[in-house]
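User: I have a structure open and would like to go through it piece by piece. Can we start with one residue and work outwards?

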Amino acid sequence: MDTSNLYVDYLAWCGLIALNMARQAGSVSSAAQENLFLCRWLATAEKKRLFRRELANDIRWLLREGREKGLRADLPGKLEYLWRASSGDLLAQNDLFRLQHVMHAVTLTGINYGVLTESEWEGRHAVKLSPKVPGVFIRKNDLENGFGDDGCQINPLAVRITADLPAVDALLKRAGWQRQARTPDPLLHHLITCPQEG
């Protein structure tokens, strides 16, 4: 999935419009029907080459996800993510919304995401994280105390990352967040919002 593709917002927009039209027409009324509808829509788009050549890999990836994972693929969620990430309105949202959005994007790429309690975070009952299992895990206490009532970040968020750091950084950057490494623990990082340009 290449969210930097200049045309991916158009693909996502068309898919979401087609799905909403099918919902209004009554031909789609469940998550299973949504997945089937979008798989057929993507297969038609691929077969008839309805979109630019640059989108061929994105279409193939979405279609493969829908066919192999079924409902777990969350094709409507993937299209919504592609639309928001590409259309620019994501950065206009508050920090908490953008963090939730990027964590949803993390799970869409197959990376595990979790919120760890204090006992799971440190101490003798701490969760043992394997560097071989890609994941992003946020400290629950930081999540609860990291934002003001307006959804703006007021404190850094401690996070442990076992996933590919450049891939996580790319997702964070698109949502207006950045990672800072915390030594000596190679898995420990802090998440902070990027300074707003302008």
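Analyst: Fine. This is a predicted model. Glu34 has a relative accessibility of 17%, and buried means under 20%, so Glu34 counts as buried.

User: Where does Glu34 sit, then?

Analyst: Glu34 is part of helix 2, which covers residues 31-47.

User: What does the side chain of Glu34 make a polar contact with?

Analyst: With the side chain of Arg23, at 2.8 Å. Leaving out residues up to four places away in sequence, Glu34 touches Leu19, Arg23, Val28 and Pro76.

User: Staying with helix 2, how does it cross helix 3?

Analyst: The crossing is left-handed. The axes of helix 2 and helix 3 come within 9 Å and cross at roughly 145°.

User: Which residues make that contact?

Analyst: Helix 2 contributes Asn35, Cys39, Leu42, Ala43 and Glu46. From helix 3 come Ile59, Arg60, Leu62, Leu63, Gly66 and Arg67.

User: Next topic: the largest nonpolar core. Which residues touch the most other members?

Analyst: Those are Leu11, Trp41, Leu42, Phe51, Leu62 and Leu75, out of 24 residues in that core. Helix 1 (8-25), helix 2, helix 3 (56-69) and helix 4 (75-87) each supply at least two residues of the core.

User: Which helix gives the largest share?

Analyst: Helix 1, with eight residues of this core.

User: And what does Phe51 touch?

Analyst: Phe51 touches Tyr10, Leu11, Cys14, Trp41, Ala45 and Ile59, again not counting residues up to four places away in sequence. Apart from the largest core lies another one, of 22 residues, including Met103, Leu108, Leu157 and Leu191.

User: Switching to the sheet. What order do the strands have?

Analyst: The sheet is open, with five strands in the order 1-2-3-5-4 and mixed pairing.

User: Why is one side of strand 1 and of strand 4 left without a neighbour in the sheet?

Analyst: Strand 1 and strand 4 (177-181) stand at the edges and each has a single partner strand, so one side of each has no neighbour in the sheet. On average, neighbouring strands are turned by 30° against each other, direction ignored.

User: Which helix packs on the sheet?

Analyst: Helix 8, residues 165-174, packs there and touches strand 2, strand 3, strand 4 and strand 5 (188-193). The direction of helix 8 makes about 145° with that of strand 4.

User: Strand 2 next. In what sense does it pair with strand 1?

Analyst: Strand 1 (residues 112-116) and strand 2 pair in the parallel sense, over five bridges. In this pairing, Tyr113 stands opposite Val136 in strand 2.

User: How many bridges join strand 2 to strand 3?

Analyst: Three, and strand 2 and strand 3 (residues 157-161) run antiparallel. Here Ile138 stands opposite Val159 in strand 3.

User: Is strand 2 mostly covered or mostly uncovered?

Analyst: Mostly covered: five of the five residues in strand 2 (residues 135-139) are buried.

User: Which residues are on which side?

Analyst: In a regular strand, side chains alternate between the two faces of the sheet. For strand 2, Gly135, Phe137 and Arg139 are on one side, and Val136 and Ile138 are on the other. All of these are buried, so both faces of strand 2 are covered.

Conventions. Residues are numbered from 1 along each chain as its sequence is written. This is a predicted model: local features need pLDDT of at least 70, side-chain atom pairs count only at pLDDT 80 or more; totals for chains, interfaces and linings use all residues. Side-chain values use heavy atoms; hydrogens and water are left out. Helices (H or I, at least four residues) and strands (E, at least two) are DSSP runs, numbered from the N terminus. Buried means under 20% relative accessible area, exposed over 50%, partly exposed in between (1.4 Å probe, protein chains only). A polar contact is a pair of N or O atoms within 3.5 Å; within protein, one must be able to donate a hydrogen and the other to accept it, and residues adjacent in sequence count only if both atoms are side-chain atoms. Contact means heavy atoms within 4.5 Å. Two strands pair if DSSP finds at least two bridges between them. A nonpolar core is a set of buried Ala, Val, Leu, Ile, Met, Phe, Trp, Tyr and Cys residues joined through side-chain atoms within 4.5 Å. Axes are lines fitted to C-alpha atoms, for helices over the stretch in contact, and angles run from 0 to 180 degrees between N-to-C directions. A crossing is left-handed if the near helix is turned anticlockwise from the far one by less than a right angle, and right-handed if clockwise.
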